[in-house]
Amino acid sequence: MKSKVYMLTMVLLASASVALAQEPKTTFTVVRSDQWGAQNLNPFSPGSQHLLPTNSAIYETLFFVNSLNGKVTPVLGTQYAWSKDSRTLTVTTRSGVKWTDGQAFNASDAAFTFNYLKQYPALDTSGLWKSGLTSVTAPNPTTLVFSFSAPNTPVFAYISNTPIVPEHLWKAVKDPATYTNAKPVATGPFIFDSSSQQAIRVLKNPNYWMKGQPYVDAVVWVSTSSNDAALLKLLSGDVDYGYVGISDPKGYAAKGPNNTYWWPTNNINFLYFNTVKAPFNDASFRRAVAQAINTKDVALKAYAGAVPAASPSSVFPTQQADWLPTSAKATLPSFDPAAADAALTAAGYKKDASGNRLGKDGKALPSYKILVGAGWTDFITMAQVVGDNLKKVGINTQIDQQAWGSYSGGLQTGSYDMGISWGWGNGSNPYYTFNAAFSPDFSAAVGKTAPSNLSRYTNPAITAALKTFSSTSDAGAQKKAMSTIVTTVLKDMPWVPLTDRVQFALFNTSRFTGFPSAQNPYNDASPDDTAGARLMYLNVKPK
């Protein structure tokens, strides 16, 4: 089956002088609203550096944990069990799997992978070896054993999401931070074929361990400059799927019988403060800024009412019944620009005769940049509303649009003032959100890469509560720890929860069936370059 986007892709790739393999009969096409970097297929490189198929179609993990419902799908692991004291995790690995160079996969490859992260700590972006993990061994070809110095059951999600690499090849890689892995050998359903700045293609792995799948012969990613450009490709039927944050998904669905979407909530969009820079290092300033922002208006204008404002607690709607402490419900801050204005003055940030806010030293505050992704219309709209709100309390801002590499790099290295992004960690309970955002393990000095603590905010009370939560399975103790975390974050306000964040899955079903949905949530509508997307690439079928 040929499509016009396939023919377009062939032209784009040919123009880039990329050699193509056999012509596939069925090609599933994904649109991106940004571009990618050089040809790097190292699964341990930061997400902004390696190519999109690396962790979605080429490399595989032990399990996939659905962030919407906590369901665990076996991948290279078939089953797992914790010991009674929760200090030992035993995983059974899958038999009959081969690497794409023909060698057999076994538990030793997985043990090597985790120990490789220990050998090269810069690769351990999930902090596995800071979690109490003491050893990973493979006593036989199908058994993998993780040992911990103390109970830490939430770490299972991070273990599950780690890409597994072949020991026989990676043991010779002595500088993984710069290794580009041009010819990746993996176990996944697809094999890397070619790339240019316009398109990337992978081809079906003929020896994949899941017999009969995938149902398509190729997956192609095509690049666009913005959400609007990506939307046009979906509307025209040139592409089959896009993870695109448009403002009106209902309007998209109404424009054609093949237009569908699935936007389940599993995260939050935050306004991050760079808390190592003045005045954002002042909790009083941050609290006042939060109070000055009308998050309901932010949500309405960014998503046309399809996505609500976020809870100030930073706890997802589906998790609030279990994890939002009763004591916090009555004290959640609300939009009050007059109170925000007064609070700023009381904190030492007075106004001049023109109504512009001054620093504590009496000098005019500069215009602060709000970092967003270039062409991301939802984030740009959010930044516009935030800027308008802050202008009313005397704080001037400007929107700083950056391509993905500069955007993510700016957030991670601490070179921004304020920035809009999602929570860089999420899961089936709020621990995953707060641990990724505020654990010292995921922070770094300014100029160095912080894996996920983008605000560079830490607090001893939160650090201790995270440790308590992870080291017990007692529900009462975990709820007490979560209460400490939520109330401390509300007090210090290192970020402002703006809107709920949904998974922006848009589909054009004219050529394929088998997409995930609320009725069939086999994945969590994960972005197209993540482990969850692998399940979609496995399940879509040509009509």
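I count a residue as buried when its relative accessible area is under 20%. The model I am reading is predicted.

**Entry 1: aromatic pairs**

I began with the rings. The structure holds 47 aromatic pairs. I looked up Y158 and Y432, which form an edge-to-face pair. Their ring centres are 5.8 Å apart, and the planes stand at 70 degrees. This pair links distant parts of the chain. Y158 belongs to helix α3 (residues 156-160), and Y432 belongs to helix α14 (residues 431-438). The two are 274 residues apart.

Are these two tyrosines buried or exposed? Y158 has 16% relative accessibility, so I enter it as buried. Y432 has a relative accessible area of 8%, so it goes down as buried too.

Next I took W404 and W422. They form a stacked pair, 6.1 Å centre to centre with 5 degrees between the planes. W404 sits in helix α13 and W422 in strand β16, 18 residues apart. W422 has 18% relative accessibility and therefore counts as buried.

I also noted one aromatic cluster. F28, W221, Y241, F507, F512, F515 and Y537 form it.

**Entry 2: helix α13**

W404 led me to its helix. I find α13 at residues 404-413, with Y407, S408, G410, L411 and Q412 as its buried residues. What do these buried residues pack against? I list two strands that precede α13 in numbering, β14 (368-373) and β15 (397-402), along with helix α12 (377-391) and strand β16 (418-422). After α13 comes G414, with a positive phi near 75 degrees.

**Entry 3: α15 against α16**

I then turned to helix packing. Helix α15 covers residues 460-470, and helix α16 covers residues 475-492. Their axes come within 9 Å and cross at roughly 155 degrees. An angle over 145 degrees counts as roughly antiparallel. The two helices are therefore roughly antiparallel to each other. The crossing is left-handed.

Which residues make the contact? From α15 I listed A461, I462, A465, L466, T468 and F469. From α16 I listed Q478, A481, M482, T484, I485, T488 and V489. By class, this contact has 9 nonpolar residues, 4 polar ones and no charged ones.

**Entry 4: α7 against α11**

I checked a second helix pair. Helix α7 (residues 283-292) and helix α11 (residues 337-346) pack at about 160 degrees, with axes 8 Å apart. That angle makes α7 roughly antiparallel to α11. I note a left-handed crossing here. On the α7 side, the contact uses F285, A288, Q291 and A292. On the α11 side, it uses P337, A339, A340, A343 and L344. The classes are 8 nonpolar, 1 polar and no charged residues.

**Entry 5: I395**

I followed F285 and L344 to a shared neighbour, since both are touched by I395. Where is I395? I find it in the loop between α12 and β15. I395 has 3% relative accessibility, so it counts as buried. Leaving out residues up to four places away in sequence, I395 touches F285, V289, L344, R357, Y368 and L390. R357 is 38 residues from I395 along the chain, yet their C-alpha atoms are separated by 5.8 Å.

**Entry 6: cis peptide bonds**

I looked up two bonds that lead into prolines. The peptide bond from Q213 to P214 is cis, with omega near 0 degrees. P214 lies in the loop between β9 (199-204) and β10 (218-223). The peptide bond from A278 to P279 is also cis, with omega near 0 degrees. I place P279 in the loop between β13 (265-273) and α7.

**Entry 7: positive phi outside glycine**

I ended with backbone angles. S86 is not a glycine, but its phi is positive, about 60 degrees. I find S86 in the loop between β4 (77-82) and β5 (88-93). With 14% relative accessibility, S86 counts as buried.

N181 is another residue other than glycine with a positive phi, near 55 degrees. N181 is in the loop between α4 (167-170) and β8 (190-195). Is N181 buried or exposed? At 3% relative accessibility, I enter N181 as buried.

Notes
Residues numbered from 1 in each chain as written. Predicted model: local features only at pLDDT ≥ 70, side-chain atom pairs only at ≥ 80, totals over all residues. Heavy atoms only, no water. Axes fitted to C-alpha atoms, helices over the stretch in contact; angles between N-to-C directions. Helix = DSSP H or I, 4+ residues; strand = E, 2+ residues; numbered from the N terminus. Parallel < 35°, antiparallel > 145°, perpendicular 65-115°, else oblique. Left-handed = near helix turned anticlockwise from the far one by under 90°. Contact = heavy atoms within 4.5 Å. Nonpolar A, V, L, I, M, F, W, Y, C, P; charged D, E, K, R; others polar. Buried < 20%, exposed > 50% of the residue type's maximum accessible area, 1.4 Å probe, protein only. Phe/Tyr/Trp six-rings, centres within 6.5 Å; stacked < 30°, edge-to-face > 60°.
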